Amino acid sequence: MTDPADIRQDVDRFSLRCSLLVPGAAEHAFAVFTDELTDWWVTEYTWSGPDALAELGMEPRAGGMLYEIGPYGFRADWGRVLTWDPPRRLVFVWQIGPDRAPVPDPARASEVEVLFLPEGPERTRVELEHRHFDRHGEAAEGYRKALTAGWHELLTRYVATVSRGPGTSA
């Protein structure tokens, strides 16, 4: 099992790269990342909050939306899938601004790429890059710094979720 301290992060001014090993095949790692967001995402990071969040989801196709469903069925879209290539690669637009307001124009939003690289039959290296923070304007560097901590927390929870599922040797 991967210790959360094994999440390696490398930053520059407008991007963040994370690398971690998870147990199981790439298919499982990809499925947990895309199909089980509600299980590992930090609910405090949502607009609905931990008490009202009903679901987090990702429509499984290029052009699909990343969304949350909150109280009374309220749906908020917060990203769009650019590349859907299971179990190898996922790219999506991060349409949440530094002030947590929606960013309707994808050209003004940052982007997340996730690679799932098999390292034998029972381990997968997950490499995540959150890039183009410069598209968020003057708050770009501060936002990248905040999300460096944010992604560490998210990926720590992701590792724990992946480790509970099928394909683990733990």
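## The largest pocket and a buried serine

The largest pocket in this predicted model has a volume of about 250 Å³. Of the 16 residues lining that pocket, Tyr45, Trp94, Ile96, Arg100 and Leu147 sit closest to its centre. Helix α3 (residues 140-164) supplies the largest share of the lining, with four residues. Here's how the lining splits up by class:

| Class of lining residue | Number in the largest pocket |
|---|---|
| Nonpolar | 12 residues |
| Polar | two residues |
| Charged | two residues |

Now over to Ser110. This serine belongs to strand β7, which runs over residues 110-118. Is Ser110 buried or exposed? Ser110 counts as buried because its relative accessible area is 0%, and the cut-off for buried is under 20%.

Who surrounds Ser110? Setting aside neighbours within four places in sequence, Ser110 touches Phe92, Val93 and Trp94, and also His130, Arg131, His132, Phe133 and His136. Trp94 turns up again here: besides being in contact with Ser110, Trp94 is among the lining residues closest to the centre of the largest pocket. With His136 there's a polar contact too, side chain to side chain, at 2.9 Å. As for Gly97, 13 residues away from Ser110 in sequence, the C-alpha to C-alpha distance is 8.8 Å.

Zooming out, UniProt (in an unreviewed entry) puts the feature "domain: Activator of Hsp90 ATPase homologue 1/2-like C-terminal" at residues 26-157. Across residues 26-157, helix makes up 24% of the chain and strand 33%, while the C-alpha atoms at the two ends are 17 Å apart.

Key. Residues are numbered from 1 along each chain as its sequence is written. This is a predicted model: local features need pLDDT of at least 70, side-chain atom pairs count only at pLDDT 80 or more; totals for chains, interfaces and linings use all residues. Side-chain values use heavy atoms; hydrogens and water are left out. Buried means under 20% relative accessible area, exposed over 50%, partly exposed in between (1.4 Å probe, protein chains only). Contact means heavy atoms within 4.5 Å. A polar contact is a pair of N or O atoms within 3.5 Å; within protein, one must be able to donate a hydrogen and the other to accept it, and residues adjacent in sequence count only if both atoms are side-chain atoms. On a 1 Å grid over the protein atoms alone, a cavity is a set of points where a 1.4 Å probe fits but cannot get out, and a pocket is an open set with protein on both sides within 12 Å along at least five of seven lines; lining residues have an atom within 4 Å of a point. Grid points are joined across faces, edges and corners, and a volume is the space filled by probe spheres set on the points. Ala, Val, Leu, Ile, Met, Phe, Trp, Tyr, Cys and Pro count as nonpolar, Asp, Glu, Lys and Arg as charged, and the others, Gly among them, as polar. UniProt positions are given in the numbering used here, feature names are shortened, and annotations may be inferred rather than shown by experiment.
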